[in-house]
Amino acid sequence: MKAYLSIVRMRFIALLQYRTAAVAGVFTQFFFGFVMVMVIRQFFFSGDAQGAMSLAQAVTYIWLGQAMLGMMPWNGDNEVIAMIRDGNVAYELCRPLNIYTHWYCRLLALRTAPTLLRSLPIFLIAGLLPAGYNLQPPPSPAAFAAWLAAVAGALLLGCALSNIISISTLWTVAGEGMLRMLPALVIFFSGSLVPLPLFPQWAQAIVNFLPFAGLVDIPNQFFVGTLAPAVLPLMLLRQLAWTAVFVLIGAGLLRLATKRVVIQGG
Amino acid sequence: MNGISLYFKLIRISVASQMQYRASFVIMSMGMALVTVIEFGGIWVLFDRFGSLQQWTLAEVGLFYGIIHCSFALSEALGRGFDIFHRYVQRGDFDRLLLRPRSTVLQVLGQELQLMRFGRLAQAMAILIWASWTVGVQWTVLKFAVLLFAIAGGVLLFIGIMIVQATVSFWTIQGLEFMNSFTHGGTYMAQHPLSIFDGWLRNFFLFVIPLGCVNYFPVLFITGKQDIFGTTPLFQALAPLAGAVFLLVSLYVWRFGLSRYQSTGS
């Protein structure tokens with residue numbers, strides 16, 4: 001246990017060093033955020049949201065999505081994938097650690113450290129923008145607490161999903177497919193592109209059932225107040241159930257792969 | 001061997017090498033198509049909810065979307081060498097190109113023709129055909145010429161952006177991520193009509209990075225829709241020239257960067 005905790009800590013500290021990248025990331029996310037906010041504003045001015053959410057809620061939802069973008073599982077652990085490609089993964093197999101847990105811990109750090117660096121400036125500046133463009137604080141302290149808890153759930157879920165992406169690259173072609181396809185599903189069905197409450201009424205049951213809602217939509221809805229804090233236990237259960245499914249799939253795939261692994265010498 | 005035939009020879013080699021991995025090519029192209037299809041899905045979701053975007057319909061927005069994604073797909077396929085140029089600088093591989101008695105621009109462009117981008121191109125063309133059929137565009141030779149001109153102008157503009165990005169990497173390879181704002185962020189912006197955005201963003205995409213010129217004005221010309229800026233059809237047809245101008249400027253920037261380049265020596 002102690003070994004795994006220090007993996008998280010070491011990676012976390014290492015990743016905090018990438019400050020220039022963080023500044024560039026904040027700039028990019030701001031730019032995207034502005035364009036998205038302007039588009040959603042014009043849609044709200046052109047038609048009726050039919051009670052799905054208010055403009056202020058949609059704008060806050062979008063800024064949250066940009067602030068927390070670093071947590072999105074749209075790729076695997078690039079260092080692990082590079083090791084799998086060049087064969088250095090053999091060293092990983094020699095360590096007296098459970099390899100799934102080891103990679104999972106690396107991901108925990110990968111999804112938190114950059115997000116911490118990038119989200120704070122975005123929260124601050126987006127909160128200070130003129131009315132109509134700004135991120136608004138959650139409606140109550142309970143909503144804020146529910147958001148924090150759901151973010152933790154999203155983190156666990158996202159790392160389980162990312163780990164499947166890393167592991168699937170052990171199969172060259174299938175892995176490339178996962179690397180390309182999964183991000184599209186994640187972006188669309190998590191609410192990162194368009195807030196899920198704005199999806200058609202008939203699609204609500206589907207998008208809410210899918211695991212991807214747990215990555216962005218559930219935390220965001222607590223923050224903007226379209227979900228009441230009282231449903232937190234149910235939502236956490238949903239996030240954790242999907243996490244368990246993905247952990248089982250990932251660990252199963254890894255076991256399958258390590259059985260037939262051939263390391264080429266040289 | 002002159003420059004043009006050398007370029008085509010390099011491209012033939014690149015295509016042949018990618019065709020050695022046919023399954024990868026197919027899967028990656030499908031992935032690229034899926035990634036873009038969901039972006040149009042996002043626009044569809046908002047139209048389904050709100051009905052219209054100012055005076056624009058979904059199919060009309062499909063024209064903006066189709067043109068800009070055709071341009072972006074082609075420029076990513078052609079300009080891949082500049083897109084990943086920072087890797088050559090980091091590894092010192094660029095020094096090898098400098099030793100050859102050929103133009104650096106030609107050699108970098110000839111590094112790779114990335115075939116998987118054709119997945120995005122195919123999907124963008126499908127949307128473009130659907131959109132023009134639904135809008136009921138009365139095609140003439142002149143309108144079709146303006147369409148091709150607009151796509152070509154977009155390709156030149158995006159390659160220009162990639163060349164500027166590559167030039168920045170002569171000084172630093174840190175934080176290049178912010179250039180994504182102009183490529184991916186620019187594409188996201190340009191898949192909506194320019195007239196919906198706030199003044200400052202609109203001016204940025206007309207006068208700094210003239211994405212509006214290669215996409216917004218030509219669509220007005222093709223559909224004959226009223227322009228809020230009051231431009232004439234002649235101007236609308238010729239506006240994509242701005243892409244060529246941007247590329248010329250970026251080539252000057254490149255030449256300046258090249259004159260200041262110091263190898264890492266590794």
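**Exercise 1. Classify B:Gln54 by its surroundings and describe its backbone.**

Solution. B:Gln54 counts as exposed, with 12 C-beta neighbours inside 10 Å. The cut-offs are these: a residue is buried if 20 or more other C-beta atoms lie within 10 Å of its own, exposed if 12 or fewer, and partly exposed in between, with C-beta atoms placed from the backbone. Next, locate the residue: B:Gln54 lies in the loop between α2 and α3 (58-78) of chain B. Helices here are DSSP runs (H or I, at least four residues), numbered from the N terminus. Last, the backbone: B:Gln54 is not a glycine, yet its phi is positive, at about 50°.

This is a predicted model, in which local features need pLDDT of at least 70 and side-chain atom pairs count only at pLDDT 80 or more, while totals for chains, interfaces and linings use all residues. Residues are numbered from 1 along each chain as its sequence is written, and chains are lettered from A and ligands numbered from 1 in the order in which they are written.

**Exercise 2. Do the same for A:Gln50.**

Solution. Start with the place: A:Gln50 is in the loop between α2 (19-46) and α3 of chain A. Then count neighbours: A:Gln50 has 10 other C-beta atoms within 10 Å and is therefore exposed. Finally, read phi: the value for A:Gln50 is near 55°, which is positive in a residue other than glycine.

**Exercise 3. State how α2(A) and α3(A) are arranged, and which residues meet.**

Solution. Step one is the geometry. The axes of α2(A) and α3(A) cross at roughly 160° and come within 10 Å. Axes are lines fitted to C-alpha atoms, for helices over the stretch in contact, and angles run from 0 to 180 degrees between N-to-C directions.

Step two is the class of angle. The two helices α2(A) and α3(A) are therefore roughly antiparallel to each other. Angles under 35 degrees count as roughly parallel, over 145 as roughly antiparallel, 65 to 115 as roughly perpendicular and the rest as oblique.

Step three is the handedness. The crossing of α2(A) past α3(A) is right-handed. A crossing is right-handed if the near helix is turned clockwise from the far one by less than a right angle, and left-handed if anticlockwise.

Step four is the residues. From α2(A), A:Gln29, A:Phe32, A:Gly33, A:Met36, A:Val37, A:Ile40, A:Arg41 and A:Phe44 meet A:Leu55, A:Ala58, A:Val59, A:Ile62, A:Trp63 and A:Gln66 of α3(A). Contact means that C-beta atoms, placed from the backbone, lie within 7 Å. By class, this contact of α2(A) with α3(A) has ten nonpolar, three polar and one charged residues. Ala, Val, Leu, Ile, Met, Phe, Trp, Tyr, Cys and Pro count as nonpolar, Asp, Glu, Lys and Arg as charged, and the others, Gly among them, as polar.

**Exercise 4. Repeat the analysis for α3(A) and α6(A).**

Solution. Helix α3 (residues 55-67) and helix α6 (residues 99-128) of chain A have axes 9 Å apart and pack at an angle of about 155°. Therefore α3(A) and α6(A) are roughly antiparallel to each other. The crossing of α3(A) past α6(A) is right-handed. On the α3(A) side the contact uses A:Trp63, A:Gln66 and A:Ala67, and on the α6(A) side A:Ser119, A:Ile122, A:Phe123 and A:Ala126. By class, this contact of α3(A) with α6(A) has five nonpolar, two polar and no charged residues.

**Exercise 5. Describe the setting of A:Leu117 and of A:Ile187.**

Solution. Take A:Leu117 first: its place is in helix α6 of chain A. A:Leu117 is buried, with 20 other C-beta atoms within 10 Å. Not counting residues up to four places away in sequence, A:Leu117 touches A:Leu16, A:Arg19 and A:Ala22.

Now A:Ile187, which is found in helix α8 (residues 172-190) of chain A. A:Ile187 counts as buried, with 23 C-beta neighbours inside 10 Å. Leaving aside neighbours within four places in sequence, A:Ile187 is in contact with A:Trp74, A:Ser192, A:Leu193 and B:Ile38.

**Exercise 6. Describe the contact between the two chains.**

Solution. Chain B gives 34 residues to the contact and chain A gives 33. On the side of chain B that touches chain A, α2 (22-50) and α10 (180-190) are the elements that give two or more residues. Of these, α2(B) gives the most, with 16 residues. By class, the side of chain B that touches chain A has 17 nonpolar, 13 polar and four charged residues. As for confidence, the model scores ipTM 0.88 and pTM 0.90.
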